[in-house]
Amino acid sequence: MEALNQKTLDIGLCLFGLQWTILGTFIDQMKIPINSYTYRLSFVVTGPDHITALISPRKGVSLTKWSLTEEPLRSLDWVDRPSYFLYYSYAEYSEPWTFSIDLSVTKEYIKDSPLVDMSFITHYLHGHDLITGDFPLC
């Protein structure tokens, strides 16, 4: 079992001349080999009450199972790769979002290369983080 460090997504990036900041989402991830061709990635995500996750397995990798529904619900393809769109929201229930995905590799997969591209997007719809200050130019 390979434990990956807990991360805080608190980054700033410059797009279109504006400074963007992503904050407040914590991701704890574990990578567990199920067999020689399948890995399970488990996530514990905390953040605001509305979070979006985008998942796109790399070339030679398939998302074969997840803990959310009986079968993964595939969205539109992105750059000739399958993608999956998840939207997590709650009202008063404030437990971390815990889920896992199983990724199977084929002979096209290059050993020790990344398995998947993922993005977590937080949505602050109320409270003190609802309104941000002016974005400074980069």
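Colleague: In β6, which residue is the bridge partner of A53?

Modeller: This is a predicted model, in which local features need pLDDT of at least 70, side-chain atom pairs count only at pLDDT 80 or more, and totals for chains, interfaces and linings use all residues. Residues are numbered from 1 along each chain as its sequence is written, and side-chain values use heavy atoms, with hydrogens and water left out. Strands β4 and β6 pair in the antiparallel sense over six bridges, where pairing requires that DSSP finds at least two bridges between two strands. In β6, the bridge partner of A53 is L86.

Colleague: How many strands are there in the protein?

Modeller: Helices (H or I, at least four residues) and strands (E, at least two) are DSSP runs, numbered from the N terminus. The protein has zero helices. From the N terminus on, its elements run β-β-β-β-β-β-β-β. The number of strands is eight.

Colleague: What is the order of the open sheet of three strands?

Modeller: Strand β4 (residues 50–57) runs antiparallel to β8, joined by seven bridges; one bridge partner pair is T52 and I121 of β8. The edge strands, each pairing on one side only, are β6 (84–89) and β8 (116–122). From one strand to the next the twist averages 15 degrees, using axes that are lines fitted to C-alpha atoms (for helices over the stretch in contact) and angles from 0 to 180 degrees between N-to-C directions. The pairing is antiparallel and the order is β6-β4-β8.

Colleague: Which residue of β7 does W66 stand opposite?

Modeller: Strand β7 pairs with β5 in the antiparallel sense over five bridges. Eight bridges join β7 to β3, again antiparallel, and there V45 stands opposite W97. In β7, W66 stands opposite I101.

Colleague: How many of the nine residues of β7 are buried?

Modeller: Buried means under 20% relative accessible area, exposed over 50%, and partly exposed in between (1.4 Å probe, protein chains only). Over the 138 residues of the protein, 31% count as buried. Strand β6 has a covered face of Y84, L86 and Y88, and an uncovered one of F85, Y87 and S89. Strand β7 is mostly covered, and its number of buried residues is eight.

Colleague: Which strand supplies the largest share of the largest nonpolar core?

Modeller: A nonpolar core is a set of buried Ala, Val, Leu, Ile, Met, Phe, Trp, Tyr and Cys residues joined through side-chain atoms within 4.5 Å. This one has 23 residues, of which W97, F99, I101, L103, L115 and F120 touch the most other members. At least two residues each come from β3 (38–46), β4, β5, β6, β7 (97–105) and β8. The largest share is five residues, from β7.

Colleague: What percentage of the contacts with a separation of 6 or more is between residues 24 or more positions apart?

Modeller: Contact means heavy atoms within 4.5 Å. Leaving aside neighbours within four places in sequence, the contacts of F99 include L41, F43, L86 and F120. For the protein, the percentage is 64%.

Colleague: Among the elements, which strand has the lowest mean pLDDT?

Modeller: pLDDT is the predictor's confidence in each residue, from 0 to 100; its mean over the protein is 74, and 71% of the residues reach 70 or more. Over residues 1–26 it is below 50, although this stretch has 67 contacts in the model beyond near neighbours in sequence. Where pLDDT is low, the predicted coordinates should not be read in detail. The highest mean among the elements, 93, belongs to β5 (residues 61–66), and the lowest, 38, to β1.
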